[in-house]
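Reader: I am new to protein structures and would like to learn how to read one. Please take me through it feature by feature.

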Amino acid sequence: MLILGLSGNFSPAGADLAPFMPDQLFHHSAACLVRDGVVIAAVEEERLNRIKRTAKFPLHAIRECLAVAGVSITDVDGVAFYFREDYVDTTLNFLYALFPQVPTLYSRQLIKRWFADEFAWALTDEKLIFAPHHDAHAMSTVMYSGIPESLVLVLDGRGEENSGTVYRAGEGRLEKLADYPAFKSLGMLYLNATQLLGYGFGDEYKMMGLAPYGDPETYRDAFSSLYLLRDKGEYDLLPSMVVPDLVGPTMLARGFTPRRKGEPFTQQHRDFAAAAQETLELIVMHVLAHWAEETGLPLCFGGGVAHNSSLNGVILRSGLFKEVFVHPASHDAGASEGAAFLAAGQLGVGSWPGRRVRTASVGPPLGSEAQVRDRLAAWRTVIDCDRQDDIVDVAAGLLAKGSVLGWAQGRSEFGPRALGNRSIVADPRPKENQDRINRMVKKRESFRPFAPVTTGAAAASYFDLPAEVAANHDFMSFVVPVREERRPELGAVTHVDGTARIQIVDPAANARFHRLVVAFGERTGTPVLLNTSFNNNAEPIVQTVDDVVTCFLTTDLDYLVVEDFLVHKRFMGRGIDLTALVLRFRPVTRLVERFAGEPGVVTHEITLDYFGGPTAPLSPSLYALLSAVDGTSTFGELVRAAGGVPDSVPDELYGLWQQRFVTLTPPLKACS
Ligand SMILES: [Fe+2]
């Protein structure tokens with residue numbers, strides 16, 4: 001039985017369902033295909049429409065899943081959605097009340113319409129199944145875990161009525177043991193605190209990265225006034241029933257000054273982050289202590305809060321569990337898988353975990369060797385590429401000499417972590433590599449640590465892994481201490497508190513990446529690599545060959561490895577010759593001309609039309625050139641048609657390309 005699982009809202013590619021629709025509304029759009037209890041394809045829509053954390057209906061993701069699996073939409077036995085129908089429709093009613101111009105269509109109609117319009121497929125009511133949100137989170141985690149009987153904790157911002165649910169999973173079913181209503185949301189508590197640091201939804205991991213720089217003592221009293229721990233794993237958040245902002249009023253009363261976006265962090269902010277993280281850990285451990293004692297079972301942890309790898313490390317070291325499992329996409333994208341598992345059960349073919357899933361690489365591949373070679377060849381005006389007999393050996397040699405590499409192989413990973421198929425890799429030893437990679441690629445906050453990947457054979461000699469607790473280190477889910485004597489050796493991946501978010505690569509799951517770590521170790525004596533996601537600060541993780549090359553050309557990465565090919569730049573940075581590349585708009589690119597009110601005063605901007613999308617000013621010359629974009633002409637052709645442009649325009653365009661306002665790619669057919 002083939003089930004298509006879906007997450008996301010119902011917005012089309014180039015606009016939103018309703019104006020100002022926040023990306024928190026039915027977020028983390030994704031599609032997956034589950035066949036007989038096994039995920040055979042899964043990808044988040046953001047990787048394909050190139051909008052970070054997009055919530056748009058996962059049309060690209062559905063197409064890619066079908067293509068990867070080699071099936072057509074008519075082969076699909078059921079479609080599963082990751083929330084309950086009545087909850088979705090009630091939420092949509094709020095939108096429709098605010099925006100009377102939006103047609104009143106409900107979730108069932110919207111989903112069926114998408115399949116009718118885009119796939120010419122009549123999805124019947126009996127094939128469309130809506131899954132309770134936390135059941136979906138729980139099921140995805142349980143099915144990946146391979147654990148036949150477990151305690152399951154799901155924590156997120158909110159599901160339907162709840163923000164937390166505890167289950168016993170076993171004998172083919174989920175038995176609910178407890179739930180924690182939406183007004184006790186630990187996910188929202190953490191998000192509210194994150195917002196007081198100038199961040200937004202989806203940035204919670206940044207506060208987690210900041211926390212080790214602070215002293216929780218400064219705000220411990222203030223945070224402890226926000227909650228009350230009660231018997232049997234219960235807790236209250238105070239005064240959450242009346243104040244939607246769970247954290248702000250108390251903190252402001254205690255003299256805390258929120259950070260405005262872009263401002264530098266003060267010690268006050270670091271201490272605040274430390275106290276927020278400590279509070280989350282304290283309440284979650286209170287909940288878990290009760291249920292661990294009550295059930296004595298291993299733990300499966302799911303929901304967005306399970307991406308808090310510092311918390312997961314605390315759980316691991318708590319001694320409460322003999323085994324802890326965390327799903328690689330425990331946020332809402334992963335709930336699409338759980339919904340598919342639940343739908344299979346409803347349609348008569350339930351399944352229960354077999355073997356532990358050791359890989360998250362269930363996304364679309366880069367293509368066949370010929371396809372990859374042809375596409376790289378199409379970029380030949382700006383790159384050189386050579387096929388290597390042993391790319392791993394070549395890459396390990398470059399890494400050992402200090403190069404920073406983009407590394408793209410095979411199928412993309414499902415979830416927010418790059419685990420060796422869409423990674424940037426570097427020598428983990430020099431501490432300065434942290435700043436260097438931030439400067440050359442990420443342009444991000446310097447406090448955020450990079451993660452190490454190592455082998456099973458070397459892990460225990462570098463990291464303090466509790467011997468008595470089994471955990472899945474395949475997916476970078478746990479922060480653990482770096483052994484004290486090894487910290488100087490791992491300068492670029494050891495956080496300020498002596499910890500690291502470890503990945504142990506399994507040779508059976510990713511032989512090539514495992515071999516790269518081993519080969520680097522043979523050259524340097526350190527079988528560990530720095531492994532961070534392959535993207536810049538303006539985009540989701542790369543997916544296709546064009547994404548990979550674009551990221552390579554708009555950052556200062558030293559080399560690029562794509563499958564067996566080693567790629568060099570023919571130009572450095574802004575010196576690149578863009579003339580042979582086709583200049584296109586993305587579906588969300590908009591040009592804006594503003595009249596300032598004074599006669600003759602006009603300004604020009606380019607913007608990306610989605611919630612929180614960026615805007616940049618344009619010179620009149622580039623605005624005029626962009627106004628002539630037709631989707632087929634190269635930059636050089638557009639310049640010639642315009643009769644030339646000022647010397648500053650190529651640089652300005654390169655800046656827009658770096659920020660992904662436009663695309664620049666070779667013509668679709670490879671050059672001869
Ligand atoms: Fe969720």
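**Reading loops, helices and a metal site**

Author: Let us begin with Glu171, which is placed in the loop between strand 7 and strand 8 (173-181). Strands (E, at least two residues) and helices (H or I, at least four) are DSSP runs numbered from the N terminus. The model is a predicted one, in which local features need pLDDT of at least 70 and side-chain atom pairs 80 or more, while totals for chains, interfaces and linings use all residues. Residues are numbered from 1 along each chain as its sequence is written, and side-chain values use heavy atoms, leaving out hydrogens and water.

Reader: Is Glu171 buried or exposed?

Author: Relative accessible area decides: under 20% is buried, over 50% exposed and in between partly exposed (1.4 Å probe, protein chains only). Glu171 has 79%, so it is exposed. Its backbone has a positive phi of about 55°, although Glu171 is not a glycine.

Reader: Which other residue has a positive phi although it is not a glycine?

Author: Look at Met476, with a phi of about 60°. Met476 lies in the loop between strand 17 (470-471) and strand 18 (478-481). At 3% relative accessibility, Met476 counts as buried, whereas Glu171 is exposed.

Reader: What lies in the loop between strand 18 and strand 19 (499-505)?

Author: Arg483 is found there, and it is partly exposed, with a relative accessible area of 29%. Arg483 and Tyr462 are 21 residues apart in sequence, yet their C-alpha atoms are 5.5 Å apart in space.

Reader: Now a helix, please. What span does helix 5 reach?

Author: The expected span is 1.5 Å times one less than the number of residues. Helix 5 (residues 133-145) has 13 residues and reaches 19 Å from its first C-alpha to its last, close to the 18 Å expected. Of those 13 residues, 12 are buried, so helix 5 is largely enclosed by the rest of the structure. Among the buried ones are His133, His137, Met139 and Tyr144. Just after helix 5 comes Gly146, with a positive phi near 70°.

Reader: Which residues coordinate the iron ion?

Author: Donors are N, O and S atoms within 2.8 Å of the metal (3.2 Å for Na, K and Ca); with water not among the atoms, sites may look incomplete. Here His133 and His137 each offer NE2, and Asp156 and Asp332 each offer OD, at 2.1 to 2.3 Å. Asp156 lies in the loop between strand 6 (150-155) and strand 7 (162-170) and Asp332 in helix 12 (residues 332-346), so this pair ties together parts that are 176 residues apart in sequence. Asp156 is buried at 5% relative accessibility, and Asp332 is buried at 4%.

Reader: Why is the arrangement around the iron ion called irregular?

Author: Four donors are tetrahedral if all angles lie between 85 and 135 degrees; four are square planar and six octahedral if opposite donors are over 155 degrees apart and all others between 65 and 115; anything else is irregular. The 4 donor atoms here subtend angles of 83 to 172°, which makes the arrangement irregular.

Reader: Last topic: at what angle do helix 14 and helix 17 pack?

Author: Axes are lines fitted to C-alpha atoms, for helices over the stretch in contact, with angles from 0 to 180 degrees between N-to-C directions. Helix 14 (residues 391-400) and helix 17 (residues 511-524) pack at about 45°, with their axes 9 Å apart. They are therefore oblique to each other; under 35 degrees counts as roughly parallel, over 145 as roughly antiparallel, 65 to 115 as roughly perpendicular and the rest as oblique.
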